[in-house]
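Please look over the model shown here before reading the report. The text goes through annotated sites, helices and a few backbone details.

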Amino acid sequence: MKIATLADLGSPQLCPRLVVKVGSALLVAKDGPRRAWIEALVGELAAARARGQDVIVVSSGSIALGAGKLGLDKGGRGSLADAQAAAAVGQIALSGLWAELLGAHGITAAQILLTLEDLEDRRRYLNATATLTRLLEAGAVPVINENDSVATQEIRFGDNDRLAARVAQAAHASAVLLLSDVDGLYDRNPKDPAAKLLAVVHGVTPEIHAMADGGSGSGLGSGGMTSKLQAAEIADVAGIALVIGNGTRDAPIARVIEQGVGTLFLPRDRGRKAKARKAWLGGRLRLKGTLTVDAGAARALGTGASLLAAGITAVEGHFVRGDAVAIRAADGTTLAHGLSEYDAAECARLMGRQSADHAELLGYEPRSAMVHRDQLVLL
């Protein structure tokens, strides 16, 4: 059985493990935490636990809280140094608040701070999976945030929408609920009176991306609709449903589940859910290079074939054997992610050449493919 409707998010059978992401604007006002709202949300999370669902919270708000305490302008986002300092101060208050309010329902909160590298490195990703699994088995609610006090521009998620999707992968969750300041995805700017809310989306296509607004309306957060669609793509690869719902309304989780207000992104049928390693690979945000392929290679990849050198037309980036690379069509569309069997210089030497030529070009016995199908996931 699979999630098919918004109501299914409330079913322990269809959705045994739910990740709920809460944005900064929902958690923090100009004068501090929106305590009454958070208390009500925690009540909804406790209700989900009581009906038999595991719950993981991805909570923004540390930078916004810290900026208020330190008196920093621009919500603490005026510079990287401001953001890191604000996060260091705000995270203490944020985690303490979650622990207090969950504790009032007899629930133990567990804080986990993650960086992009923690979920991009395979070994560290598995460690995160083990920790989340054990915490949930022990009855705790993990409360997760990006480790903004140490993350830099080059090694950070930059928004908690994509972090929530990656956490859902690591935790083997059934669904992700992104609480935002809008009801869901509209077919155009929601300020347009003719805009229509999309109830269900099957796969994030270029047309769906064209409907998104990349900005954060509140000025407190770092994401927008674009980041939520990117999160939906990450969830899609792992066979996880994702929902955008409006957190500014009373009882936002109940509003999504009981009233059916929101946008449900259903993962596309890929024949079967991607294996755990391929889901991790498909959800990667940092790639070391790009291999552009011709139309013939693109068709072959679609049938489950490995990527051969003859179909490669361009090589970009600096990578070594085992690094993750993007595989793109001539028009720039990303077709797949994979682990390269060669470094960038070797790929450039071999591209466009037939396998029979490889030994002479390399000076050693070549491998079977540039990217083997077992180390490749189609997007």
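The report below describes a predicted model, beginning with positions taken from UniProt.

## Binding-site annotations

An unreviewed UniProt entry gives the feature "binding site" at Ser 60, Asp 148 and Asn 160. These positions are spread over 101 residues of sequence, yet they cluster in space, with a largest C-alpha distance of 10.9 Å. Asp 148 sits in the loop that runs between β6 (141-146) and α7. Its relative accessible area is 9%, under the 20% cut-off, so Asp 148 is classed as buried. Asn 160 belongs to helix α7 and is also buried, because its relative accessibility is 7%. Apart from neighbours within four places in sequence, Asn 160 contacts Lys 21, Val 58, Ser 59, Ser 60, Asn 145 and Glu 146.

The unreviewed UniProt entry also places "binding site" at Lys 21, Ser 180, Asp 181, Ser 222, Gly 223, Gly 224, Met 225, Thr 226, Ser 227 and Lys 228. One of these, Lys 21, is among the contacts of Asn 160. Met 225 is located in helix α9 (residues 225-237). With a relative accessibility of 12%, Met 225 counts as buried.

## Helix α7 and its two partners

Helix α7 (residues 160-171) packs with α9: their axes come within 8 Å and cross at roughly 15°. An angle under 35 degrees counts as roughly parallel, and α7 and α9 are therefore roughly parallel to each other. Their crossing is right-handed. On the α7 side, the residues that meet α9 are Asp 161, Arg 162, Ala 165, Arg 166 and Gln 169. On the α9 side they are Ser 227, Lys 228, Gln 230, Ala 231, Ile 234 and Ala 235. Ser 227 and Lys 228 are also among the annotated "binding site" positions in the unreviewed UniProt entry.

How do α6 and α7 cross, and at roughly what angle? The axes of helix α6 (residues 122-137) and α7 come within 8 Å and cross at roughly 75°. This angle falls in the range from 65 to 115 degrees, so α6 and α7 are roughly perpendicular to each other. Tyr 125, Thr 129 and Leu 132 of α6 meet Arg 166, Val 167, Gln 169, Ala 170 and Ala 171 of α7. Arg 166 and Gln 169 of α7 also appear in the contact with α9.

## Helices α2 and α10

Helix α2 (residues 35-50) has 16 residues, which should span 22 Å at 1.5 Å a residue. The C-alpha atoms at its ends are 22 Å apart, so the expected and modelled values agree. The buried residues in α2 are Trp 37, Ile 38, Leu 41, Val 42, Glu 44, Leu 45, Ala 46 and Ala 48. An α-helix has 3.6 residues a turn, so residues three or four places apart point the same way. After α2 comes Gly 52, which has a positive phi near 105°.

In helix α10 (residues 252-259), Pro 252, Ile 253, Arg 255, Val 256 and Ile 257 are buried. What do the buried residues of α10 pack against? They pack against β1 (17-22), α2, β7 (175-180) and β9 (241-246). Just after α10, Gly 260 has a positive phi of about 70°.

## The PUA domain and Leu 281

The unreviewed UniProt entry assigns "domain: PUA" to residues 289-371. This span is 24% helix and 27% strand, and its end C-alpha atoms lie 13 Å apart.

Leu 281 is in helix α11 (residues 276-282) and is buried, because its relative accessible area is 3%. Beyond neighbours within four places in sequence, Leu 281 contacts Ala 324, His 337, Gly 338, Leu 339, Gln 375, Leu 376 and Val 377. Leu 281 and Asp 82 are 199 residues apart in sequence, and their C-alpha atoms are 33 Å apart in space.

## Positive phi outside glycine

Lys 74 is not a glycine, but its phi is positive, at about 55°. Lys 74 lies in the loop between α3 (62-70) and α4 (80-103), and its relative accessibility of 62% means that it counts as exposed.

His 172, another residue other than glycine, has a positive phi near 55°. It is found in the loop between α7 and β7. With a relative accessible area of 48%, His 172 is partly exposed.

Conventions
Residues numbered from 1 in each chain as written. Predicted model: local features only at pLDDT ≥ 70, side-chain atom pairs only at ≥ 80, totals over all residues. Heavy atoms only, no water. UniProt positions renumbered as here; feature names shortened; annotations may be inferred. Helix = DSSP H or I, 4+ residues; strand = E, 2+ residues; numbered from the N terminus. Buried < 20%, exposed > 50% of the residue type's maximum accessible area, 1.4 Å probe, protein only. Expected span 1.5 Å × (residues − 1). Axes fitted to C-alpha atoms, helices over the stretch in contact; angles between N-to-C directions. Parallel < 35°, antiparallel > 145°, perpendicular 65-115°, else oblique. Left-handed = near helix turned anticlockwise from the far one by under 90°. Contact = heavy atoms within 4.5 Å.
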